[in-house]
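Here's a short set of exercises to work through with the model open. Try each task before you read its solution.

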Amino acid sequence: IGSRTNSENHAASRSISLATPSDNFYLSPFQCFCRKHVIELFIATTSDIQEFSQRRKIHVGQVGIRCPWRSSIPQQDRALKYTWYPSAISRLYQSMEKIRMHHFPYCTKVPKSMREDYRAFFLNASKDTTSSASSSSFPVSRRTQAQIQYWIDSAKALGLIDTAYGIRFSSPMETNIKKYA
């Protein structure tokens, strides 16, 4: 991510990217960009719980998604809407959309070149959706449903599971980082 290598980023923040090598086969270039640069998975700690306890119940060990550019900043300096704790794997895509729309374009920690790449991908995605909607035999909503299903399937392949306490890793995160780093 940016000037950080994946292994440095994962080791420093105990996070893992949702991006996988197969993304290019199932997702748009824009979604691939978002999975690689806009969000990362992480495991909630006691300090994360203190930060979010006023809004909703978060549990130690629960998996959240966040802006990777804000993860190393002290809590009091973090922007709003940079972190989400989806209640289920099926909500990962929607949570990414919230970060993508309400945080990433305005995040002052994202390098300027990355924001420019984001805008270029976003504009191309908007054009593709508009032209595809009128010429495709499949409605955009059906394509979107297939992409959301891919998000669910790839999250399970990374070892994520739904529990009564939110999303968790089925095995220790270190195993998953080594497997996909």
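Two strands count as paired if DSSP finds at least two bridges between them. Keep in mind that this is a predicted model.

**Exercise 1.** Work out how strands S5 and S6 are joined, and which way they run.

*Solution.* Start by locating them: S5 covers residues 160-163 and S6 covers residues 166-169. Next, count the bridges: there are four, so with a cut-off of at least two the strands pair. The two run antiparallel. Now look at the connection, a hairpin that takes two residues to get from S5 to S6. For a spot check on the pairing, pick Thr163, which sits opposite Gly166 in S6.

**Exercise 2.** Find where the predictor's confidence is lowest and where it is highest.

*Solution.* Begin with the overall figure: mean pLDDT is 77, and 70% of the residues reach at least 70. Then go element by element: helix H1 (residues 6-13) comes out lowest with a mean of 37, while S5 is highest at 96. Finally, scan for weak stretches. Residues 1-13 stay under 50, with 23 contacts beyond four places in sequence. Residues 177-181 also stay under 50, and here the model has eight such contacts.

**Exercise 3.** Sketch the overall layout, then describe burial and surface.

*Solution.* List the elements: eight helices and six strands, in the order α-β-α-α-β-α-β-β-α-α-α-β-β-α. For burial, 44% of the 181 residues are buried. As for the surface, about 9800 Å² is exposed, with 54% of it from carbon and sulfur atoms.

Conventions:
Residues are numbered from 1 along each chain as its sequence is written. This is a predicted model: local features need pLDDT of at least 70, side-chain atom pairs count only at pLDDT 80 or more; totals for chains, interfaces and linings use all residues. Side-chain values use heavy atoms; hydrogens and water are left out. pLDDT is the predictor's confidence in each residue, from 0 to 100. Contact means heavy atoms within 4.5 Å. Buried means under 20% relative accessible area, exposed over 50%, partly exposed in between (1.4 Å probe, protein chains only). Accessible areas come from the Shrake-Rupley method with a 1.4 Å probe; for residues, only the protein chains shown count as cover.
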